[in-house]
Amino acid sequence: MQRINYQDIPAGMFDNLMEMENFINKSSLDFNLLELIRLRVSQKNGCAYCVDMHHKELKHINETDLRLSSLCVWEETNYFNDKEVAALRFTDKLTNLSRGPIPEEVYDPLLAFFTKEEICYLTLAISQINTWTRLMKTFRFIPGQYKVQTHEKAID
């Protein structure tokens, strides 16, 4: 049962979070990669609402069923390219933080595929979806009702 309704949320809270989403979506990071990361974090955090949302977003942008069904076991497959693997490894590590810093063996492979600026965006994107999953798990928004909106990468 839903604990907190959309109407109960403080004015501006979701608007400000969406501004950050738009900021991330306007970055040089590929939207498909961002959605893979968002789905992976949602899986790791067990957020049914977010899994539903990002699965639908990925289907909308023509992600394959094979990759979608295998994302939860990405390390055991060869369905993801080296860039995606580096990002997914970083995603998993940043989502399940330990007391120490992100190890070099997780960070260094990112440098082969991403600029330092893009690593900043990647870190922010992972942190942002972790925020969303924590909100949804607390609020208990009901999964299954999400409808995909048309996304266009903004050009400034």
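Which residues does Arg 140 touch, not counting residues up to four places away in sequence? In this predicted model, Arg 140 touches Met 1, Gln 2 and Arg 3 once residues up to four places away in sequence are set aside. Arg 140 belongs to the segment that follows helix α7. With a relative accessibility of 40%, this arginine is classed as partly exposed. Its backbone has a positive phi of about 60°, although Arg 140 is not a glycine. The C-alpha atoms of Arg 140 and Ala 48 lie 9.1 Å apart in space, while the two residues are 92 residues apart in sequence.

A positive phi is also found at Asn 62, which is not a glycine and for which the angle is about 70°. Asn 62 is placed in the loop between α3 and α4, the latter helix covering residues 65–70. The relative accessible area of Asn 62 is 68%, and the residue is therefore exposed, the threshold being over 50%.

The packing of helix α1 (residues 13–25) against helix α7 (residues 116–139) was examined next. Their axes come within 10 Å and cross at roughly 150°. Angles over 145 degrees count as roughly antiparallel, and α1 and α7 are therefore roughly antiparallel to each other. The crossing in which α1 passes α7 is left-handed. On the α1 side, the contact is made by Met 13, Phe 14, Leu 17, Met 18, Met 20, Glu 21, Phe 23 and Ile 24. On the α7 side, the contributing residues are Tyr 121, Leu 124, Ala 125, Gln 128, Thr 131, Trp 132, Leu 135, Met 136 and Phe 139. By residue class, the contact of α1 with α7 comprises 14 nonpolar residues, two polar residues and one charged residue.

Within helix α7, Leu 124 illustrates this contact from one side. Leu 124 touches Met 20, Phe 23 and Ile 24, residues up to four places away in sequence not being counted. The relative accessibility of Leu 124 is 27%, and this leucine counts as partly exposed. Leu 124 and Asn 32 are 92 residues apart along the chain, and their C-alpha atoms are separated by 16 Å.

From the α1 side, Phe 14 is in contact with Tyr 6, Ile 9, Trp 132, Leu 135, Met 136, Phe 139 and Phe 141, leaving aside neighbours within four places in sequence. Phe 14 is also listed, together with Phe 114, Leu 122 and Met 136, among the residues with the most contacts inside the largest nonpolar core, which has 32 residues. At least two residues of this core are supplied by each of α1, α2, α3 (48–60), α5 (82–95) and α7. The largest share comes from α7, which provides 10 residues. Another core, of nine residues, lies apart from this one and includes Leu 39, Leu 58, Leu 71 and Leu 88.

Two members of the nine-residue core, Leu 71 and Leu 88, are also touched by Arg 40. Arg 40 is located in helix α2 (residues 31–45). Its further contacts are with Cys 72, Trp 74, Thr 91 and Asp 92, again not counting residues up to four places away in sequence. The relative accessible area of Arg 40 is 8%. Because buried means under 20% relative accessible area, Arg 40 is classed as buried.

Notes:
Residues numbered from 1 in each chain as written. Predicted model: local features only at pLDDT ≥ 70, side-chain atom pairs only at ≥ 80, totals over all residues. Heavy atoms only, no water. Axes fitted to C-alpha atoms, helices over the stretch in contact; angles between N-to-C directions. Helix = DSSP H or I, 4+ residues; strand = E, 2+ residues; numbered from the N terminus. Parallel < 35°, antiparallel > 145°, perpendicular 65-115°, else oblique. Left-handed = near helix turned anticlockwise from the far one by under 90°. Contact = heavy atoms within 4.5 Å. Nonpolar A, V, L, I, M, F, W, Y, C, P; charged D, E, K, R; others polar. Buried < 20%, exposed > 50% of the residue type's maximum accessible area, 1.4 Å probe, protein only. Core = buried A, V, L, I, M, F, W, Y, C linked by side-chain atoms within 4.5 Å.
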